[in-house]
Structure formats: C-alpha cells, structure tokens
Amino acid sequence: MGLDNNGVIPSSSIWRKARFGEGVIIGNLDTGVWPESKSFSDEGLGPIPSKWRGICDNGTDPGFHCNRKLIGARYFNKGYASIAGPLNSSFDSPRDNDGHGSHTLSTAGGNMVSGVSVFGQGNGTAKGGSPKARVASYKVCWPPIGVDECFEADILAGFDMAIHDGVDVLSVSLGGSSSTLFKDSIAIGSFHAAKHGIVVVCSVGNSGPADASAANLAPWYITVGASTMDREFPSYVVLGNKISLKGESLSAARLAHKSYPIIKATDAKLASATAQDAVLCQNGTLDPKKVKGKIVVCLRGINARVDKGEQALLAGAAGMVLANDVTNGNEILADPHVLPASQINFTDGVALYKYINSTKYPMAYITHPKTLLHTKPAPFMAAFSSKGPNTIVPEILKPDITAPGVSVIAAYTEAEGPTNQYFDKRRIPFNSISGTSMSCPHISGIVGLLKTLYPSWSPAAIKSAIMTTATTLDNESETLLNATNGQATPFSYGAGHVQPNRAMDPGLVYDTTIDDYLNFLCALGYNATLISVFSDSPYPCHKNFSLLNLNYPSITVPNLSGSVKVKRTLKNVGSPATYIAHVQNPSGITISVEPNILKFKKVGEEKRFEVTLKVNKGKASNNYVFGKLIWSDGKHYVRSPIVVKTL
C-alpha cells in the first residue's frame, strides 16, 4: 500500500482498523493499573479475543475489576518479599498506587477520553497509540527498598505470564544499571518473548545527558529515548525590572496580581543548613522567617522538582522559581507543583540570579500557566534521556529510536496526588509526567498499529520499519538538537524521531531470526550453559559469526582499523521496485556499498549487500563519527545510522 503526499496510507478498511490497533493485546510490566480510569473503559469494544489466556487476579482487592478493555491483571511480589520480609494483604493486588503503570499503559493503549486536562491545561481528547487495543497489566514494581523497587525474579515471572497469556506487545518502562545480558532479567525475559513473536519495547533510562548511560542494551527489543513535543505550558517569571522569563508549569494555584519579594534559597537558609543543600531547597533547609510571603528561587538537581516546591510551601513561600543547572540546559518540564511555580532554563536562571544580586529589593511575579501548541523547535532531546554508546555490546547502537517523553498527559492513579508526595491531598484522573518511561509506550502503541496491519511480521521487521522511517530533523527542518542547543547524535536519538505513518509503509526491512540472536550470543563468547538461559535447547555455535554482521537496522563499528566489511540483508515488504544506495560518509571514513543497486521483484524477496568502511589516512578522528546509509526507490527512504570509531 503506497503513501499519499502527506505520508499517510490511503483510506481502507484495514487501515481504519490498523489506526486503532484493533485485535491487538498490549501488556505492560510496571506498577500496576488503576482500573477505574476512563482510559480503560470498554465502551465500543466487542468480545475479548479468543486467543487470550490471561486472568484478572485481583488478590485481596475485591473492588478491582477487569473488563473487555482491561482484559487481564496480575501481580508478582515474591522476589520483593524475599528482601522486604512478610508482606501484608495490601500487597496482594494489581492496583496502581503511584500512577506510573496507569500512565504508561494508557499511553500505549488507552481508550479515547474527551475533555481531559491537567488543572485546565492541555485540554483535549486523551488516547493511546492503539486506542482500540486490549490491555493487560503485570505489576512487578513495589515501594522502594533502598534503590530497588522492581526485582529480577518478579520481572521474569511477569514476562513468563505475559507470554503465557498471549500478549502481542509488551511495554517495559523499567531499567536499571546495565549488566551482562545473562544477568539481566529484562534481556532474558524479552528474548523468550521474542521467540513467541512478541514485540518488546523498553526505555533507555533517565541518566542523561551523560554519555554511555543507556540501559536495556540487547538487540532483540526496541529501546526508546525521550524528546519533546510541540506543546508547552508557559508560565512567565516577570521581574521588577520588567524582564520576562518564559518558564513552564502546571501549577493549579495562582498568585494574587501583584509583585512579590523574590529571594535566593541560599539567602533564605536556616543557620543549620549548608549552602549546597539550601540552593537545592532540600528538606528542612529553608528558614520560614526569611521565606514567608516571598517567591523562592531553587536550583534544579538531586531532590525531586516537586519536593522543592513542597519545602518552599511548608516554609511559607508565596511561590517558587525552579532554575535549571547547566546540564539540563533548555529542558523544561511542566509539573503539577503544589504552589504557584515556574521552571526556567539555565540561561534565564543566570539572568534571574544576576537581577536578584543587582538590587536591594528584588521583586517578581509568576503568571498562571497557559497551553501553547505548535511550538518550535520541536522535537529536541530531553536532557534526562540516557545516551549511548552501548557499554555491554558496543557493536549495537542504543537507543534505537526517540519518541515524546516530556510533559506527557495520560491516565493516573487516584490513590495519590499528582506529585506523589504525602502532603499532596489533590486527586486528578490524568497527570503530566516526563521520562523515557513515557516515550517507551508511545512506541508500544505504534507497534500495536503495525501488528494489526501486518500480523505476520516478526518483531525485528516491525522494529526495522519504525527505525528506518524515522527522521533526524525537527519541525524547522533542522538537525535534532540536544537540550543545550548542540546537535544531537544517534547516541541520543538512535535512528531518529519516530514517524508512525511512514512506518506503515517502510518498503524494505532488516529482518532478524532467533537463530541470528543466538549466533550473536555465541559471538559474545557465551558458553552453552549461559546460552541455555535464552534458548530452550542446546544451540551449536557457528564459529565465524561477527557481531558486526547481526542484521540490525543500524551499523556500528566501534574499533575500526584500516577497513572492514559489514554484511546486511534487506527484505522487500512493498511493491516490486529497484532501490539505489546513497551514503553520507562519517568524517574521515569512506563507505562503499556492494551491490549498490538492489532489484526486488516480489514481496518477501531478500537481497544481501556488503558495506565497506575504510579509514582515510591522516583524517580519521579517534572520537565517534556518524553517517548514514539510505536505500531509496524514489518513494521509500530506508535509512540506517552509521556509527564509527577508529582505533
């Protein structure tokens, strides 16, 4: 099926069905689900698919009910209990008490809900990527013990049951520090899911903008970074010198229309507090005598953004300005603060501190937030989004793709307030959250649409369609930026920002089999015992398999010396066509493709090619450099990022 001029597949009954993800079952490994949310209403849905083998295990929660939309819910806490000790009956429930699970699941597959807003902002219809998909929740995460809240045994149990129950897509907004694949429950569980044709989608993590911070590094799932969208919630900080600084907020509370004294948190600290803690508005650092009735300026970092607002409010502040530190740059998140507040970028923060220092009686006002659409430039990479290179397998580029993950509005729990703090007594059915946890289910929802349209496609084919049709340009047709206005690279965005309509008609795909992944594990040096963790039966390793030759939609050569040949295979999933290779050479590297013309005569036909990467003597950098390989028939553009580092 061809694309029209707008990149949308022409109208047809299957496309209408695909648009909504009908017939697809999306599972979510997370903190549970709030079943009463309108996002999980079964209005307009027919009978539960006959292939479904799951149950609604409500444990000791008789008020928890599934329906024709939320068709399954389970909870797994034995691993958690092995560390926490005996659990009381409140743990025997798949109910979402912190909002994370409801938010992610509704983003992937929530039904359409009109008239949604967060305190009046962002008003519109909420819907998941596959709004008519059926959804199931697998609760594997619990209140933290130290830094751990999702235990390996529970994650594996969740994967096992999701596979048993018959999900088509598994959204996994989890991830910790990266470890070798045979010690990684998500890598192991997702491998078994892939063997059953289930597409697994994972978050890359929120440890950016540090390099080599990416998590979820195996090649058999889709790993997702986070970027902004073209919607903002502006809240201006108007200074006494008439300078206006544009921040963002979702505060419900308003300031009276007058100017207020504004004070740096370090000037408002208790005598017992350190300046390092006070500048961050850490717990118990602010002096109520100095703060009362004023706007307090807190620096971003360490403690939660909404916690800083809580500390300001408890000390009697009228409002708060949250100023970014240098690493967060222009990344501004709209949070439902408990007092009038606005978060401003690093440059504006510097200007604000300069103003306060320049006058004896600094004054300011914070405007109530508004909703602004079609903002530019968008998207750009979120500073928190973890980055490559891949620390476990440098030959595999991670993340694979980026999707919206900043100020995303979706369903929420009503067991807690929108800031998840004990002092927050507000309850709202939809909330705005930011994180790679939010971008992951955007991709899961798109996978649901592709599964509806192409039920026979492998997880690798679906992943390839999403990656090779992505864009590396923003809405001003400029290269994607990072949060400090520098050019982002594939280590931030993978293949680029997702384009769902283009993914419906990729033309060609890089398909990969389970045996290919087993050969990949062999090439990592895993012995038969370790490989048996992934395979159901003994697997004979092929001695000559190179990690560089895994049929991946991106090409990464981390230790190039002289020259190397990389092999790939393309499968035609469109009309008969002739594709020509186009290369953008990385700096100091020459790339050639043989053959550079591929003629496909029928659907399903496969063609192999070799990419030769050669170092230009005296011109190569010892840093990573980036290029592209694009196969095109004039209508389709099958793009792969190329990432190279010379020895």
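How many cavities of 30 Å³ or more turn up in this structure? The count comes to two, where a cavity is a set of points on a 1 Å grid over the protein atoms alone that a 1.4 Å probe fits but cannot get out of. This is a predicted model, with local features needing pLDDT of at least 70 and side-chain atom pairs counting only at pLDDT 80 or more, while totals for chains, interfaces and linings use all residues. Residues are numbered from 1 along each chain as its sequence is written, and side-chain values use heavy atoms, leaving out hydrogens and water.

**View 1. Here is the largest cavity, with Ser235 and His368 among its lining residues.** Its volume is about 40 Å³, taken as the space filled by probe spheres set on grid points that are joined across faces, edges and corners. Lining residues are those with an atom within 4 Å of a point. Here they include Ser249, Ser251, Arg254 and Leu255, along with Pro340, Ala341, Ile366 and Pro369. By class, the lining has six nonpolar, five polar and one charged residues. In this sorting, Ala, Val, Leu, Ile, Met, Phe, Trp, Tyr, Cys and Pro are nonpolar, Asp, Glu, Lys and Arg are charged, and the others, Gly among them, are polar.

**View 2. Next comes the second largest cavity, with Trp220 in its lining.** This one holds about 30 Å³ of space. Around it sit Val199, Val200, Trp220, Tyr221, Ile222, Pro459, Ala460 and Lys463. Strand S9 and helix H11 (459-468) each supply at least two of these residues, and H11 gives the most, with three. Helices (H or I, at least four residues) and strands (E, at least two) are DSSP runs, numbered from the N terminus. Seven of the lining residues are nonpolar, none is polar and one is charged.

**View 3. Now for an open space, the second largest pocket, which holds about 1,400 Å³.** Of its 46 lining residues, Lys127, Gly129, Met229, Pro404 and His442 are the closest to the centre. A pocket is an open set of points with protein on both sides within 12 Å along at least five of seven lines. Strand S4 (121-126) gives the largest share of the lining, five residues. Among the other elements that each supply at least two are helix H1 (13-20), helix H3 (100-109) and helix H10 (436-453). The mix is 20 nonpolar, 21 polar and five charged residues.

**View 4. Serine 439 takes its place in helix H10.** Is this residue buried or exposed? Serine 439 is buried, since its relative accessible area is 0% (buried means under 20%, exposed over 50%, partly exposed in between, with a 1.4 Å probe and protein chains only). A polar atom of its side chain lies 3.1 Å from the backbone oxygen of threonine 436. Leaving out residues up to four places away in sequence, serine 439 touches Val224, Gly225, Ala226, Ala403, Pro404 and Gly405; contact means heavy atoms within 4.5 Å.

**View 5. Leucine 181 belongs to the largest nonpolar core.** The core has 82 residues, and Leu181, Trp220, Ile443, Ile466 and Leu521 are those with the most contacts inside it. H10 brings the largest share of this core, seven residues. Apart from it lies another core, of 25 residues, with Ile555, Leu560, Val593 and Val625 among them. A nonpolar core is a set of buried Ala, Val, Leu, Ile, Met, Phe, Trp, Tyr and Cys residues joined through side-chain atoms within 4.5 Å. Beyond its neighbours within four places in sequence, leucine 181 contacts residues including Ala187, Trp220, Ile392, Leu521 and Phe534.

**View 6. Aspartate 98 sits in the loop between helix H2 (78-84) and H3.** Aspartate 98 counts as partly exposed because its relative accessible area is 28%. Not counting residues up to four places away in sequence, aspartate 98 touches Thr31, Tyr412, Thr413, Glu416 and Asn420.

**View 7. Some loops have backbone details to look for, starting with proline 377.** A cis peptide bond joins lysine 376 and proline 377, with omega about -10 degrees. Another cis bond joins glutamate 594 and proline 595, again with omega about -10 degrees, and proline 595 is in the loop between strand S27 (589-594) and strand S28 (597-600). Asparagine 216, in the loop between strand S9 (199-203) and strand S10 (222-227), has phi near 60 degrees, a positive value in a residue other than glycine. Asparagine 216 is buried because its relative accessible area is 4%.

Terms used:
Polar contact = N/O pair within 3.5 Å; in protein donor to acceptor, adjacent residues only side chain to side chain.
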